[in-house]
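Student: I've got a protein model to look at and I don't know where to start. Can we go through it together?

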Amino acid sequence: MTDHSESLLSFDKKHIWHPYTSMINPLPVYPIISASGVRLRLADGRELIDGMSSWWAAIHGYNHPILNEAIQQQLKKMSHVMFGGLTHEPAIELSKLLIDITPSLLDTVFLCDSGSISVEVAIKMAIQYWFSKGHPEKQKLVTIRSGYHGDSFGAMSVCDPVTGMHEMFCHILPQQFFAEPPKCAYHDPWNPDDLNHITSIIEQNHSSIAAVILEPIVQGAGGMRMYSPKYLSGVRTICDAYNVLLIADEIATGFGRTGDLFACNKADITPDIMCLGKALTGGYMTMAATLTTRAVSDQISKGRPGVFMHGPTFMGNPLACSVARASIQLLINSSWQDKVMAIETQLKHELASLAESPKVSDIRVLGGIGVAELKEPVNMADIQQKFVDHGVWLRPFGRLVYTMPPYIIDPSDLSQITNAINKIIEMT
Ligand SMILES: *Cc1c(COP(=O)(O)O)cnc(C)c1O
């Protein structure tokens, strides 16, 4: 390593927070200088095959000519302008597309900065909906354990209280209702008893409940669990029966990751409110969106105070809107479903033998997501280093070693990822 990169790294170590890290005892970070296709190029010249899509986001890989072009064209016109009192084609065209491709009743779009904020917006919308309908007492949320919805306060209040690592904030977080997560995995035969706990919570408390919020079909950072679509359609039915809204957090699952464009499609349901983020811009820029049905948006707008009480500075950022629009068009004009199904088939095949390993408690694959759940937690720094030494970028946490590669990955690169997973799990 050169003196220059040495000094950059030591500055980083001393002064810069990384996600979920310590400032005294930071985990190692790898300096990266560029990325293209599915390859990340480290400062020391090594290339890593990306198995993470930068946390579900970079579905088309990196440095994509069409996405680059979309940003460059927009940059020449304007990079940002306030959204209060002004509007522009990038936001309009993106919103049209989102309304077009999401379940048909979703009809209005709130563009915001990040996934966590789109969850805050969804929660506020649900509460404001009931307020405006003359039910200010309906303010609580129901969610399912093992969920993850973001790091801001409202979002934290619905993250799994154990795996969510938010324990020390519990006294200032609103207290929500937590239902047992469904036991039926995605491919299991359905057992309606899975709905008993959430049903009884809603039956007993619906007069104080604004909404159920959940990650449809795949729970991401809270445990990488994949559950039966029957559970999701069951929750939709209960919500309707007891006057409770349904918020689907599709921030991780949206844009094809599960093999359907949205995970809600697997249960053929429409949520009242849907959160999108992560892959929305193809991983290029931070942006998220909260969509609602016309019934929700109209009710919010009818009552006091007559407006929805939220409006971020960078709302509808034109660069982000342009690249999001280009990314969605690229996706829907491609044979993305074939690609995701091919990834699923290959992951199932190449991770299958791990199920026999004494170190592994479960192997789960759905769409472009492959998970090995181990019996013991991994040592993050140690296992990260091993993957890097095998030319692969993965970021295991807890007892989970998992991959969700860019859809454009070719079979030999994907094999390199699965080989590394197989080998390194056996080694640890
Ligand atoms: C990542 C994620 C979020 C939070 O998004 P940020 O952009 O990190 O704020 C919320 N919900 C789900 C399901 C996520 O996967």
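**Ligand and pockets**

Tutor: Let's begin with one contact in this predicted model: a polar side-chain atom of aspartate 249 lies 2.7 Å from a nitrogen atom of the ligand.

Student: OK, and how far from an oxygen atom of the ligand is the polar side-chain atom of lysine 278?

Tutor: Look at the side chain of lysine 278 and pick out its polar atom. Its partner is an oxygen atom of the ligand, and the distance between the two is 2.5 Å.

Student: Which part of glycine 115 lies 2.9 Å from an oxygen atom of the ligand?

Tutor: Glycine 115 also has an oxygen atom of the ligand as its partner. On the protein side, the atom at 2.9 Å is a backbone N or O atom.

Student: How much of the ligand's accessible area does the protein cover?

Tutor: Start with the ligand on its own, which has 380 Å² of accessible area. The share of that area covered by the protein is 83%.

Student: Which residues are around the ligand?

Tutor: By class, the shell has 3 nonpolar, 5 polar and 3 charged residues. Among them are Glu215, Asp249 and Lys278, and also Ser114, Gly115, Ser116, Tyr148 and His149. To complete the list, add Gly150, Ile251 and Ala252.

Student: Where does the ligand sit?

Tutor: Two of the residues around the ligand are Tyr148 and Lys278. Tyr148 and Lys278 are also among the lining residues that lie nearest the centre of the largest pocket, along with Tyr20, Trp55 and Ala221. That fits where the ligand sits: the largest pocket.

Student: How many residues line the largest pocket?

Tutor: The space in there is about 1300 Å³. By class, the lining has 22 nonpolar, 18 polar and 8 charged residues. The full lining comes to 48 residues.

Student: Which element gives the most to that lining?

Tutor: The elements that give two or more residues are α2 (53-56), α5 (115-132) and β16 (400-403). With 3 residues, the one that gives the most is α2.

Student: What about the second largest pocket: how are its lining residues divided by class?

Tutor: About 570 Å³ of space lies in this one, and 19 residues line it, with His18, Tyr30, Ile32, Trp393 and Arg395 nearest its centre. β1 (32-36), β2 (39-42) and α2 each supply at least two of the lining residues. The division is 14 nonpolar, 4 polar and 1 charged.

Student: Where is the proline joined to arginine 304 by a cis peptide bond?

Tutor: That's proline 305, and omega for the bond is about -5 degrees. Its place is in the loop between α10 (294-302) and α11 (318-332).

Student: Last one: where is methionine 224 found?

Tutor: Methionine 224 has a phi near 50 degrees, a positive value in a residue other than glycine. Methionine 224 is found in the loop between β8 (218-219) and β9 (225-226).

Definitions and conventions. Residues numbered from 1 in each chain as written. Predicted model: local features only at pLDDT ≥ 70, side-chain atom pairs only at ≥ 80, totals over all residues. Heavy atoms only, no water. 1 Å grid on protein atoms, 1.4 Å probe; cavity = no way out; pocket = protein on both sides within 12 Å on 5 of 7 lines; lining within 4 Å. Points joined across faces, edges and corners; volume = space filled by probe spheres on them. Helix = DSSP H or I, 4+ residues; strand = E, 2+ residues; numbered from the N terminus. Nonpolar A, V, L, I, M, F, W, Y, C, P; charged D, E, K, R; others polar. Near = heavy atom within 4 Å. Polar contact = N/O pair within 3.5 Å; in protein donor to acceptor, adjacent residues only side chain to side chain. Areas by Shrake-Rupley, 256 points an atom, 1.4 Å probe, with all protein chains shown as cover. Sits in = over half its atoms within 2 Å of the grid points.
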